[in-house]
Amino acid sequence: MRKKFICGNWKMNKTTQEACQFASEIRGMEKKFEGVEVGICPPYTALQAVHGVLDGGSILLGAQDVAWAQDGAYTGEVSPLMLKEVGCTFALVGHSERRTLLDESDELINRKLLSALQFNMTPLLCVGESLDERERGMTERVVETQLRGCLAGTDAKALSRMVIAYEPVWAIGTGRNATPHEAQEVHAFVRRFLAGRFEAEASQDAQILYGGSVTPKNAAALLAQPDIDGALVGGASLDVRSFTDIIQAAREIAQAV
Ligand code: PEP
């Protein structure tokens with residue numbers, strides 16, 4: 001049985017003080033999250049302090065990216081070892097903003113994913129098509145190419161140590177979410193791809209999150225889809241109320257099963 005995972009991606013938002021305030025508020029509500037995995041990805045500068053607030057509890061701390069190397073002359077990069085040191089257990093890789101704004105390739109994302117795995121961090125791999133690609137009927141081809149490239153050199157065991165997020169680029173930060181049906185179609189496709197690339201059992205166990213304008217209003221319908229195992233939430237994760245309402249929607253679905 002796959003657990004639902006609700007993960008907040010704060011992007012370049014919140015000072016350390018604001019991040020700690022948020023973390024201590026949700027830490028106080030942990031009991032209400034039972035049955036759902038919850039994680040947040042603050043900016044690098046707030047990670048250590050937020051870890052101090054979350055330490056000993058069940059809310060997971062993640063980074064928004066991770067370097068492909070352990071140490072060395074990589075100005076501006078932060079290694080998996082350094083992220084683990086400040087309490088991160090997982091890291092996003094391949095977020096569409098990094099793919100588009102910083103030109104990150106599947107090959108680079110693959111190196112980041114392997115580097116996270118090497119240091120026992122869970123990579124949360126993001127894939128998804130642009131609006132133009134969807135309109136040209138290329139969604140599955142694009143997602144498959146991204147998955148093939150980003151998952152190079154991994155096996156079924158590695159798959160069990162990562163999370164995948166389907167995030168259509170046209171839905172991120174736009175207020176236009178994929179419909180539950182549109183999202184489910186791609187999630188089912190991703191799971192079929194994983195079954196072929198790895199093993200049927202590993203693909204059944206893989207957590208596949210949906211991301212793109214998830215809000216308390218649309219969360220329940222999206223999370224009720226059979227292949228949607230949680231949500232990667234940007235804008236709506238910045239506010240305690242809307243983030244916890246999404247967690248609550250996930251919890252109600254988990255309890256109904
Ligand atoms: C994201 O940044 O991964 C995201 C899904 O953002 P938003 O929820 O704001 O669309």
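This is a short dialogue on reading charges, burial and backbone features in a predicted model.

Me: Let's start with charged side chains. Why might two of them pair up?

Reply: Side chains of opposite charge can pair when their charged atoms come close. In this predicted model, the count comes to 14 salt bridges.

Me: Which residue forms a salt bridge with Lys112?

Reply: The partner of Lys112 is Asp65, and their closest N and O atoms are 2.8 Å apart. This pair links distant parts of the chain, with Lys112 in helix H5 (residues 106-118) and Asp65 in the loop between E3 and H3. The two residues are 47 residues apart.

Me: Are Lys112 and Asp65 buried or exposed?

Reply: Lys112 is buried, and Asp65 is buried as well.

Me: Where do I find the partners of the salt bridge between Arg191 and Asp227?

Reply: Begin with the contact itself: the side chains of Arg191 and Asp227 meet at 2.5 Å, N to O. Here too the pair links distant parts of the chain. Arg191 sits in helix H9 (residues 180-197), while Asp227 is in the loop between helix H11 (219-223) and strand E8 (230-233), 36 residues apart.

Me: How do I decide whether Arg191 is buried or exposed?

Reply: Look at the relative accessible area: under 20% is buried, over 50% is exposed, and values in between are partly exposed. Arg191 has 4% relative accessibility, so it counts as buried. Asp227 counts as buried too, because its relative accessibility is 14%. Salt bridges that share partners join Arg191 and Asp227 with Arg2 and Asp229 in one network.

Me: And what is the relative accessibility of Glu129?

Reply: For Glu129 the value is 0%, so the residue counts as buried. Glu129 forms a salt bridge with Arg134, with the closest N and O atoms 2.7 Å apart.

Me: Now the surface. Which residues form a negative surface patch?

Reply: A patch of this kind gathers like charges on residues with no salt bridge. In this model, a negative surface patch is made by Asp155, Glu199, Glu201 and Asp205. Take Glu201 as one of these residues: it lies in helix H10 (residues 200-205). Glu201 counts as exposed because its relative accessibility is 62%.

Me: Is Ala200 buried or exposed?

Reply: Ala200 is exposed, because its relative accessible area is 52%. Ala200 is also found in helix H10. To see how sequence and space relate, try a pair: Ala200 and Leu238 are 38 residues apart along the chain, and their C-alpha atoms are separated by 36 Å.

Me: What separation would I find between the C-alpha atoms of Thr100 and Val169?

Reply: That pair is 69 residues apart along the chain, and the C-alpha atoms are separated by 9.5 Å. Thr100 is placed in helix H4, and with 53% relative accessibility it counts as exposed.

Me: Back to buried residues, this time in loops. What is Val78 in contact with?

Reply: Set aside the neighbours within four places in sequence, and Val78 is in contact with Tyr44, Val66, Ala67 and Leu83. Val78 lies in the loop between strand E3 (60-63) and helix H3 (80-85). Its relative accessibility is 18%, so Val78 counts as buried. The C-alpha atoms of Val78 and Ser58 are separated by 24 Å, with their positions 20 residues apart along the chain.

Me: Which residues does Glu30 touch?

Reply: Not counting residues up to four places away in sequence, Glu30 touches Gly57, Ser58 and Ile59. You can find Glu30 in the loop between helix H1 (16-27) and strand E2 (36-41). Glu30 is buried, because its relative accessible area is 17%.

Me: Finally, the backbone. What is phi of Lys11?

Reply: When you go through the backbone angles, note the sign of phi and the residue type together. Phi of Lys11 is near 50°, a positive value in a residue other than glycine. Lys11 is placed in the loop between strand E1 (4-9) and H1.

Me: And where is Asp103 found?

Reply: Asp103 is in the loop between helix H4 (96-101) and H5. Although Asp103 is not a glycine, it has a positive phi of about 60°. Asp103 counts as exposed, because its relative accessibility is 67%.

Notes: Residues numbered from 1 in each chain as written. Predicted model: local features only at pLDDT ≥ 70, side-chain atom pairs only at ≥ 80, totals over all residues. Heavy atoms only, no water. Helix = DSSP H or I, 4+ residues; strand = E, 2+ residues; numbered from the N terminus. Buried < 20%, exposed > 50% of the residue type's maximum accessible area, 1.4 Å probe, protein only. Contact = heavy atoms within 4.5 Å. Patch = residues over 30% accessible without salt bridge, like charges linked within 9 Å, V, L, I, M, F, W, Y side chains within 5 Å. Areas by Shrake-Rupley, 256 points an atom, 1.4 Å probe, with all protein chains shown as cover. Salt bridge = Lys/Arg side-chain N within 4 Å of Asp/Glu carboxyl O. Lys, Arg positive; Asp, Glu negative; His and termini not counted. Charge placed at Lys NZ, Arg CZ, Asp CG, Glu CD.
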